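Me: Could you take a close look at one part of this structure for me, and then work outward from there? Please give the cut-offs as you go.

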Amino acid sequence: MTGGDSHSTASIAARVHALREELEYHNYRYYVLDDPVIPDAAYDRLLRELEALETDHPEYASEDSPTRKVAGSVVRTFSEVVHAVPMRSLANAFEDEEVVAFDHRVREIIELEDGDVEYVAEPKIDGLAVSLRYESGWLVQAATRGDGRRGENITQNMRKVLGPGTTLDGGAVPDVLEVRGEVFMRREDFAAMNREQATAGQKTFVNPRNAAAGSLRQIDPAVTESRPLSFFAYSLGQVAGAAVPDTHWDILQWIGEFGLPVCKLAKRVWGVDGCLAYYREMQKKGGGLPYDIDGVVYKVSRMDWQSSLGHTARAPRWALAHKLPAQEEMTVLKRIEIQVGRTGAITPVARLTPVFVGGVTVSNATLHNRDEIERLDAREGDTVILRRAGDVIPEILSVVRERRPDGTEPFKFPQQCPVCGSDIVYERDGVIARCSGGLFCSAQRKENIRHFASRRAMDIEGLGYKIVDQLLGAGLIHDVADLYRLEKEPVAALERMADKSAENLIGAIDGSRKTTLPRFLHALGIPLVGEATAETLAGHFGDLDPIMDADAEQLQQVPDIGPVVAESVRVFFGQDHNREIVQRLRDAGLEWPRVEARQAREDSPFNGKTVVLTGALSMARSDARKILQSLGAKVTGSVSKKTDFVVVGADAGSKAEEAEQLGIRMLDEREFLSMAGHEDGD
């Protein structure tokens with residue numbers, strides 16, 4: 001491999017990692033905090049860029065990538081609901097040609113040579129997706145979409161929203177009817193609510209979508225009841241005790257017969273021409289609609305065709321969201337500021353003269369990196385063109401050179417970290433700028449502590465941003481190891497804390513001392529090491545010391561660990577201050593069971609093979625996945641022509657049927673364990 005190829009590979013890996021990290025952050029801001037910081041259009045571009053990179057470079061594909069799962073998560077404020085039928089996202093189209101391609105794929109899969117496909121076209125209302133479960137006509141459960149498999153239990157709040165809709169009208173009510181739909185706020189209601197909030201001296205909301213999501217996820221149902229929320233049903237989940245209509249159009253009518261509201265703008269259309277004509281119609285209505293939409297949705301109407309088309313892990317193949325174009329505006333770039341992220345990544349941010357665009361006032365935009373500033377030749381004082389589509393912070397598209405004031409100078413990217421003064425180093429062809437201060441940089445310390453305590457890391461409940469700020473501000477902690485020296489009295493003395501809160505926090509910290517090696521590795525915040533990579537490292541080496549002492553060559557012997565990740569791990573554990581903090585954590589009593597290390601064997605029948613797990617196994621599916629990965633297999637979530645084996649447990653469903661149709665070898669659990677060398681269940 002040439003030096004140029006190495007840099008190219010490193011740049012691709014860095015970009016994939018950066019995109020995933022950024023998308024997960026924005027998913028959290030959007031679905032959990034109801035406080036997005038970029039527009040839908042910008043998010044969509046990031047996702048499409050990641051999809052393209054993963055398609056062109058499958059070695060970087062991952063089952064936990066944002067491209068392969070439904071965005072969102074479950075907040076602990078609400079209890080968890082497991083969806084009987086997953087609530088998937090929608091694939092997006094931005095150009096007419098993508099709609100043409102979608103229709104072509106549909107016709108190809110259903111083998112339709114003549115005539116047009118019947119679609120149901122509906123406005124894509126900008127709100128919060130929910131699922132309503134009725135049993136014998138009574139609403140027994142309501143949940144948010146969450147991550148698609150698990151959502152938040154919002155039953156009491158939805159009862160306030162639905163009113164009479166908590167019971168179904170009509171005679172032949174199914175035993176179980178699960179209705180999916182959108183909770184939203186009409187523009188008129190939103191404006192009136194904001195006026196009331198302002199008059200009362202309370203916080204006003206940025207846009208109807210955020211207002212609806214925030215109102216629905218209130219702890220107190222009375223607050224939800226006081227907010228002007230609306231609901232439209234648009235599909236079904238689980239149904240029992242009744243025959244489901246044969247088309248999606250008839251399903252909408254059926255839902256309406258039970259007394260639930262359905263959008264009256266939904267329409268049957270035929271073929272690409274019908275879809276695009278509906279899109280133009282909604283585009284013209286635009287601001288004249290009573291609620292915000294960010295596009296339209298096309299759904300294949302025939303249910304048997306929907307079944308044939310199936311779905312990916314993230315989205316159905318029988319539906320497509322056609323997004324409305326982004327909105328543009330001009331404003332002045334007042335200054336460029338540098339922010340320091342959790343891993344030390346240096347990000348330039350544009351501070352703008354506030355401008356009203358897309359229904360909100362915008363004053364900030366990301367400039368991504370040094371290369372982007374140079375590409376735009378963005379200078380303080382420039383007039384810039386922004387693009388926004390439905391959310392808060394837009395993208396800077398270009399600079400209006402004709403309006404450039406005299407005397408402006410190119411922006412000089414700093415050589416020292418603006419927070420701690422450490423040198424800034426450049427990685428991967430200079431694309432990524434990073435503070436070299438590591439865990440000593442106060443900006444990184446704060447983010448590292450928050451990440452360390454997060455649910456998927458050390459899972460220290462109650463240690464959020466505000467508490468971390470207070471602990472750092474009071475000098476009670478300086479790094480993650482200091483958490484385990486905290487005492488109740490000084491914590492209780494913090495603002496808005498009390499004895500009970502302090503006791504709970506100390507208890508949560510103490511409870512985290514017993515953990516697992518993958519969680520601990522993930523919690524350290526090693527650049528490029530997420531949950532999946534932490535699992536892989538732990539499974540290969542078995543314990544922490546071999547990982548800390550491994551050189552880059554040894555690390556690259558681990559399945560799915562390339563030179564970029566290997567170097568990142570080596571550099572992290574090569575820093576004396578990182579080793580010191582790890583030792584202090586161990587001295588504080590953090591411990592984990594040793595992971596049985598299983599090296600991938602060249603003679604294993606699973607080495608280099610693609611395997612799918614389906615049905616109920618006697619062991620946890622995660623354990624089966626680890627066994628396969630340790631033997632060099634790639635475990636995926638869907639069956640395709642590239643699948644080599646399907647491990648079939650009890651009550652296997654459509655994946656087993658797909659494997660049989662494709663002639664893929666299926667293994668029961670006993671065969672799988674025998675081939676894996678686990679005949680005795682070890």
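Reply: Happy to! Let's start at D382, which sits in the loop joining α11 (370-376) to β15 (383-388); helices (H or I, at least four residues) and strands (E, at least two) are DSSP runs, numbered from the N terminus. Two notes on the basis: this is a predicted model, in which local features need pLDDT of at least 70 and side-chain atom pairs count only at pLDDT 80 or more, while totals for chains, interfaces and linings use all residues. Residues are numbered from 1 along each chain as its sequence is written, and side-chain values use heavy atoms, with hydrogens and water left out.

D382 counts as buried because its relative accessibility is 0%; buried means under 20% relative accessible area, exposed over 50%, and partly exposed in between (1.4 Å probe, protein chains only). A polar atom of the D382 side chain lies 2.8 Å from the backbone nitrogen of R379, which is a polar contact (a pair of N or O atoms within 3.5 Å; within protein, one must be able to donate a hydrogen and the other to accept it, and residues adjacent in sequence count only if both atoms are side-chain atoms). Beyond the neighbours within four places in sequence, D382 is in contact (heavy atoms within 4.5 Å) with T331, V332, L333, D377, V399, R404 and P405.

For another loop residue, take A345, between β12 (327-340) and β13 (346-357). With a relative accessible area of 23%, A345 is partly exposed. Apart from residues up to four places away in sequence, A345 touches Q339, V340, A433 and R434. The C-alpha atoms of A345 and Q444 are separated by 9.2 Å, with their positions 99 residues apart along the chain.

Next comes helix α21 (residues 576-587). The 12 residues of α21 should span 16 Å at 1.5 Å a residue, and the end C-alpha atoms are indeed 16 Å apart; the expected span is 1.5 Å times one less than the number of residues. Buried in α21 are H577, N578, I581, V582 and L585. Seen down the helix axis, these buried residues fall within an arc of 140°, so they line one face of α21; the arc is that of the directions from the axis to the C-beta atoms. An α-helix has 3.6 residues a turn, so residues three or four places apart point the same way. The buried residues of α21 pack against α12 (442-453), α16 (517-523), α18 (544-549) and α20 (563-573), while the face turned away from the buried side carries the exposed D576 and D587. After α21 comes G589, with a positive phi near 105°.

L585 also appears in the largest nonpolar core, where F452, I460, L463, L483, L537, F573 and L585 have the most contacts among 66 residues. Such a core is a set of buried Ala, Val, Leu, Ile, Met, Phe, Trp, Tyr and Cys residues joined through side-chain atoms within 4.5 Å. Leaving aside neighbours within four places in sequence, L463 is in contact with I449, A453, V468, L471, L483 and L505. Another core, of 36 residues, lies apart from it and includes L168, M193, F231 and A266.

Last stop: T636, in strand β20 (residues 634-636). T636 is buried, at 15% relative accessible area. A polar atom of its side chain lies 3.4 Å from the backbone oxygen of S638. The C-alpha atoms of T636 and E63 are separated by 6.7 Å, although the two residues are 573 residues apart along the chain.
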